[in-house]
Amino acid sequence: MLDHEYTTKKVFRENFFNDWRKEMTHEEMSLIKDLDKCNFGDIHAMHKAKVEARKNMTKEEKQVLKEANQKIVDEYGYCLLDHHKERIGNFKIEPPGLFRGRGEHPKQGMLKKRIQPEDVIINCSIESCVPVPPAGHHWKEVRHDNTVTWLASWTENIQGSIKYIMLNANSKLKGEKDWEKYEVARKLKTCVDDIRNQYLQDLKSKEMGTRQRAVALYFIDKLALRAGNEKEEGETADTVGCCSLRVEHITLHEQLEGNECVVEFDFLGKDSIRYYNKVPVIRKVFKNLKLFLENKQPGDDLFDRLTTSLLNKHLSSLMQGLSAKVFRTYNASITLQQQLKELTNKKLLSYNRANRAVAILCNHQRAPPKTFDQSMANLQAKIDGRKEQLALAKTELKQAKKEAKAKGSSEPKLLVERKKAAVKRCEEQLLKMEVQATDREENKQIALGTSKLNYLDPRISVAWCKNTEVPVEKIYNKSQRDKFAWAIDMTEADFEF
DNA sequence: TTTCACACTTAGCAGCTTATTG
DNA sequence: CAATAAGCTGCTAAGTGTGAAA
């Protein structure tokens, strides 16, 4: 932790020191007054040594550890729901530590406290045997609420929010919910044209609130923006979604790079991931935006007459179960389906391309891997090496041909065949590496996992596998197959989202 | 009408394990 | 066999959205 960048941040250090002092005895308090004068070198070295020792354990020692861990999972990692044994998603309580939010979080560095049994609420059925608290302790409460899915909960001390112990994604309960989510998105498909016509009409409304709603919906639909609930200032990092966009987050361009009516977005979204995009919009949207910006300061809300609950109330009146997030699911899944139809090269690479198109739409980014530049250079070196090898193989082939012609006997012909094969092999390997290089470069900052796990109706993927004879194992690993078992079981090749 | 409490999904990252490669 | 890359899992923060209370 000591060598991490955030220990140099002012906010982090102040919050930490503040909370640390609260834990001190009087004596310590009078002794330790300045964080800059504290030296954590020893404890840091000890920690590092521990990590090193772990790494250097023998195979047998590691095996023993693994088995001990498995035992814990066997004992605490499962529960019984409706007479079915189900895996629990997160059965371990979160350990204490220093809170590190994402981005410029005002609470970074604060002490996340240890949770005691006295903080924990247990939720189980009335006829089940209640788990026994650790010796000398008691639970905060034991309740029997079958209208919720959580098994245990506690309140965390940084934000005061509730944390839950819930089932694993491969459980029947979560699977059914997942299925329902995609069914709602499919229902949107049947009425999305009407809804689009509606909001295009609303762009001309006399009501300012209605116009703002229409423009917001246009963004949510076209750009897959998140709804953007309002957040309490100073409690979290300053991030926004659609409804919470501020004047400072967009720039209007009558003309830009050969396009008319371009909106330039630049803001931090969920997890403080930057959203940067230059989008040509229809004239009516552009004109409305100009109107919304009139007489406002950079820090003012773009949509001052709109909230997510107003927007969602409207949406649910248009279709049962419709809310802003459904558009993200719908647009992600429909994009995958379209892309898979367009990319006629029925290979895994096409699937990844389609997946990538969705990830870009949803702005799913990742930090480039730490070793990215190095490994890219390594790959390039390999490509160069292979190119040389290919050139050499080609000249050798020519030479062999020449000799074969001169001698005309069968022996050199055999040599020609062998050289030909070598050239071919070389070319194939080269091509493979080049494809790999492109793929890796294109994927540098893009995270595919999030859309695969949360936005893409798995039935689209399963059907594609059936049609292309790509084994489903190639696109879903074991835990993904478990999560999507419902889709793998029920999907035929002719499935349409 | 606004705020709050609550429950649930969505998100990226660290660190480990496994596969690949030379 | 060792080095490197790829794949995977666990973790927990950060969103969404509903319904009740103020």
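A polar contact is a pair of N or O atoms within 3.5 Å. The exercises below use this cut-off on a predicted model.

**Exercise 1. Contacts with the phosphates of DNA strand C**

Task: Determine which atoms of His 105, Gly 228 and Asp 271 approach phosphate oxygens of DNA strand C, side chain or backbone.

Solution.
- Step 1. Take His 105: an N or O atom in its side chain is 3.3 Å from a phosphate oxygen of DNA strand C. With the limit at 3.5 Å, the pair counts as a polar contact.
- Step 2. Take Gly 228: here a backbone N or O atom lies 2.7 Å from a phosphate oxygen of the strand.
- Step 3. Take Asp 271: a polar backbone atom is 3.2 Å from a phosphate oxygen of DNA strand C.
- Step 4. Locate the surface. Helix H9 (324-342), helix H11 (372-407) and helix H12 (410-442) are the elements that give it two or more residues.

**Exercise 2. The surroundings of DNA strand C**

Task: State how many residues surround DNA strand C, which come nearest, and how the residues divide by class.

Solution.
- Step 1. There are 30 residues around the strand, and the nearest are Arg 102, Lys 163, Gly 228, Lys 325 and Arg 440.
- Step 2. On the DNA side, 88% of the atoms of strand C that come within 4 Å of the protein belong to sugar and phosphate.
- Step 3. By class, 13 residues of this surface are charged, 13 are polar and four are nonpolar.

**Exercise 3. DNA strand B**

Task: Describe the residues that surround DNA strand B and the contacts with its phosphate oxygens.

Solution.
- Step 1. Strand B has 25 residues around it, of which Lys 174, Lys 181, Lys 270, Arg 328 and Tyr 455 are the closest.
- Step 2. Of the atoms of strand B that come within 4 Å of the protein, 86% are sugar and phosphate.
- Step 3. Two side chains place an N or O atom by a phosphate oxygen of the strand: that of Arg 328 at 2.7 Å and that of Tyr 164 at 2.8 Å. Thr 149 uses a polar backbone atom, 2.8 Å from a phosphate oxygen.
- Step 4. The elements that give two or more residues to this surface are E8, helix H5 (172-202), H9 and helix H13 (449-454). H5 gives the most, with three residues.
- Step 5. The classes are twelve charged, eight nonpolar and five polar residues.

**Exercise 4. The sheet that holds E8**

Task: Give the strand order of the four-stranded sheet and identify its edges.

Solution.
- Step 1. The order is E6-E5-E7-E8; the sheet is open and its pairing is mixed.
- Step 2. Strand E6 (141-143) and strand E8 (162-165) each pair on one side only, which makes them the edge strands.
- Step 3. From one strand to the next, the twist averages 20°.
- Step 4. E8 runs antiparallel to strand E7 (residues 152-155), and four bridges join them. Within this pairing, Trp 154 has Lys 163 of E8 as its bridge partner. Lys 163 is also among the residues nearest DNA strand C.

**Exercise 5. Helix H6**

Task: Check the span of helix H6 (residues 208-223) and decide whether the helix is mostly covered or uncovered.

Solution.
- Step 1. At 1.5 Å a residue, the 16 residues should span 22 Å.
- Step 2. The end C-alpha atoms of H6 are 22 Å apart, so the two values agree.
- Step 3. Twelve of the 16 residues are buried, and H6 is therefore mostly covered, given that buried means under 20% relative accessible area. Among the buried residues are Arg 213, Tyr 218, Phe 219 and Asp 221.
- Step 4. After H6 comes Ala 224, with a positive phi near 55°.

Technical notes: Residues are numbered from 1 along each chain as its sequence is written. Chains are lettered from A and ligands numbered from 1 in the order in which they are written. This is a predicted model: local features need pLDDT of at least 70, side-chain atom pairs count only at pLDDT 80 or more; totals for chains, interfaces and linings use all residues. Side-chain values use heavy atoms; hydrogens and water are left out. The expected span of a helix is 1.5 Å times one less than its number of residues. Buried means under 20% relative accessible area, exposed over 50%, partly exposed in between (1.4 Å probe, protein chains only). A residue is near a molecule or strand if one of its heavy atoms lies within 4 Å of it. A polar contact is a pair of N or O atoms within 3.5 Å; within protein, one must be able to donate a hydrogen and the other to accept it, and residues adjacent in sequence count only if both atoms are side-chain atoms. Ala, Val, Leu, Ile, Met, Phe, Trp, Tyr, Cys and Pro count as nonpolar, Asp, Glu, Lys and Arg as charged, and the others, Gly among them, as polar. Two strands pair if DSSP finds at least two bridges between them. Axes are lines fitted to C-alpha atoms, for helices over the stretch in contact, and angles run from 0 to 180 degrees between N-to-C directions.
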